[in-house]
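This report describes the fold and selected local environments of one protein chain. The sequence and the structure are shown first, and the description follows.

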Amino acid sequence: MTTLTPQMPATPQPAGAVPAGAVPAPAATPEDDRWHQLIDAVRESGRYATRSEAESVTRAVLAALGGHVIGDERVDLARALPEEAARVIASQIPVTRHLTAAEFVASLADRTEGATPATARWDVSSVLCVLPGLVGDALVSRVLAQLPPGYALLFGRAELSAV
């Protein structure tokens, strides 16, 4: 036999009130808003089901990219991105050998549980295609100038070559 214990009815709280004993969440900052805008843009670009999934993909792709961008371009990219994204980029040790675009995608697939080369390419493009809108086409062009051929397509650009 189950016995039910009556519960006290909830006391209505004014909007924004913090229940007794609870610690209020810190207020969102403009930098938090920029990070959330980036994640929302990636979520929309990649059609991810959740913000958490989009954030995970964004962190993985930016971390991979961070090792390949060096010098002034790396500094300028970090300055142009939201603070959280800048930390992800700047915390990476520069690579000793640039990967081709295909190798870059394959390396991300290898490091992501359950990923295939096709899903990794989708993830990479979902993140990199939103960067020009955040950091500007000129900076993306400078970043692409550092990378081997093939990366432009990952950024959503056509890659033209001299005949």
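## Buried serine in helix H6

Serine 126 has a relative accessible area of 3% and is therefore buried. This residue belongs to helix H6. The model is predicted, and the values that follow are computed from it. Beyond its neighbours within four places in sequence, serine 126 is in contact with Val42, Ser45, Gly46 and Tyr48.

## Overall architecture

The chain contains nine helices and zero strands. In sequence order, the pattern reads α-α-α-α-α-α-α-α-α. Of the 163 residues, 34% count as buried. Among contacts in the chain with a separation of 6 or more, 64% are made by residues 24 or more positions apart.

## The nonpolar core

In soluble globular proteins, nonpolar side chains tend to be buried together. In this model, the largest nonpolar core has 40 residues. Within this core, Leu65 and Phe155 have the most contacts. Helices that give two or more residues to the core are H1 (30–46), H2, H4, H5 (101–111), H6 (117–128), H7 (131–135), H8 (137–146) and H9 (151–154). The most is given by H2, with seven residues.

Which residues does leucine 65 contact, leaving aside its neighbours within four places in sequence? They are Leu77, Ile89, Phe104, Leu128, Leu131, Leu147 and Phe155.

One of these partners, Phe104, is buried in H5, as are Ala101, Val105, Ser107, Leu108 and Ala109. The buried residues of H5 pack against H2, H6 and H9.

## The contact between H2 and H4

Helix H2 comprises residues 51–66, and helix H4 comprises residues 83–90. Their axes come within 7 Å and cross at roughly 45°. The two helices are therefore oblique to each other. From H2, the residues Arg59, Leu62, Ala63, Leu65 and Gly66 meet Glu84, Ala85, Val88 and Ile89 of H4. Classified by residue type, this contact has six nonpolar, one polar and two charged residues. Leu65 thus appears both in the contact of H2 with H4 and among the residues with the most contacts inside the largest nonpolar core.

## Histidine 36 and arginine 47

Histidine 36 lies in helix H1. Its relative accessibility is 32%, so histidine 36 counts as partly exposed. The side chain of histidine 36 makes a polar contact with the side chain of arginine 51, at 3.4 Å.

Arginine 47 is located in the loop between H1 and H2. Is arginine 47 buried or exposed? Arginine 47 counts as exposed because its relative accessibility is 73%. The backbone of arginine 47 has a positive phi of about 55°, although this residue is not a glycine.

## Glycine 67 in the loop after H2

Glycine 67 is placed in the loop between H2 and helix H3 (71–80). With 4% relative accessibility, glycine 67 counts as buried. Not counting residues up to four places away in sequence, glycine 67 touches Gln92, Ile93, Pro94 and Val95.

## Two alanines on helices

Alanine 106 lies in H5, and alanine 90 is found in H4. Relative accessibility is 31% for alanine 106, which therefore counts as partly exposed. Alanine 90 also counts as partly exposed, at 48% relative accessibility.

## Selected pair separations

The table lists C-alpha separations for four residue pairs, including those of histidine 36 and glycine 67.

| Residue pair | Separation in sequence | C-alpha to C-alpha distance |
|---|---|---|
| Histidine 36 and proline 82 | 46 residues | 9.0 Å |
| Alanine 106 and threonine 116 | 10 residues | 8.2 Å |
| Glycine 67 and histidine 98 | 31 residues | 8.8 Å |
| Alanine 90 and leucine 77 | 13 residues | 9.3 Å |

Two of the residues in the table also occur elsewhere in the description: leucine 77 is a contact partner of leucine 65, and histidine 36 is in polar contact with arginine 51.

Terms used
Residues are numbered from 1 along each chain as its sequence is written. This is a predicted model: local features need pLDDT of at least 70, side-chain atom pairs count only at pLDDT 80 or more; totals for chains, interfaces and linings use all residues. Side-chain values use heavy atoms; hydrogens and water are left out. Axes are lines fitted to C-alpha atoms, for helices over the stretch in contact, and angles run from 0 to 180 degrees between N-to-C directions. Helices (H or I, at least four residues) and strands (E, at least two) are DSSP runs, numbered from the N terminus. Angles under 35 degrees count as roughly parallel, over 145 as roughly antiparallel, 65 to 115 as roughly perpendicular and the rest as oblique. Contact means heavy atoms within 4.5 Å. Ala, Val, Leu, Ile, Met, Phe, Trp, Tyr, Cys and Pro count as nonpolar, Asp, Glu, Lys and Arg as charged, and the others, Gly among them, as polar. A nonpolar core is a set of buried Ala, Val, Leu, Ile, Met, Phe, Trp, Tyr and Cys residues joined through side-chain atoms within 4.5 Å. Buried means under 20% relative accessible area, exposed over 50%, partly exposed in between (1.4 Å probe, protein chains only). A polar contact is a pair of N or O atoms within 3.5 Å; within protein, one must be able to donate a hydrogen and the other to accept it, and residues adjacent in sequence count only if both atoms are side-chain atoms.
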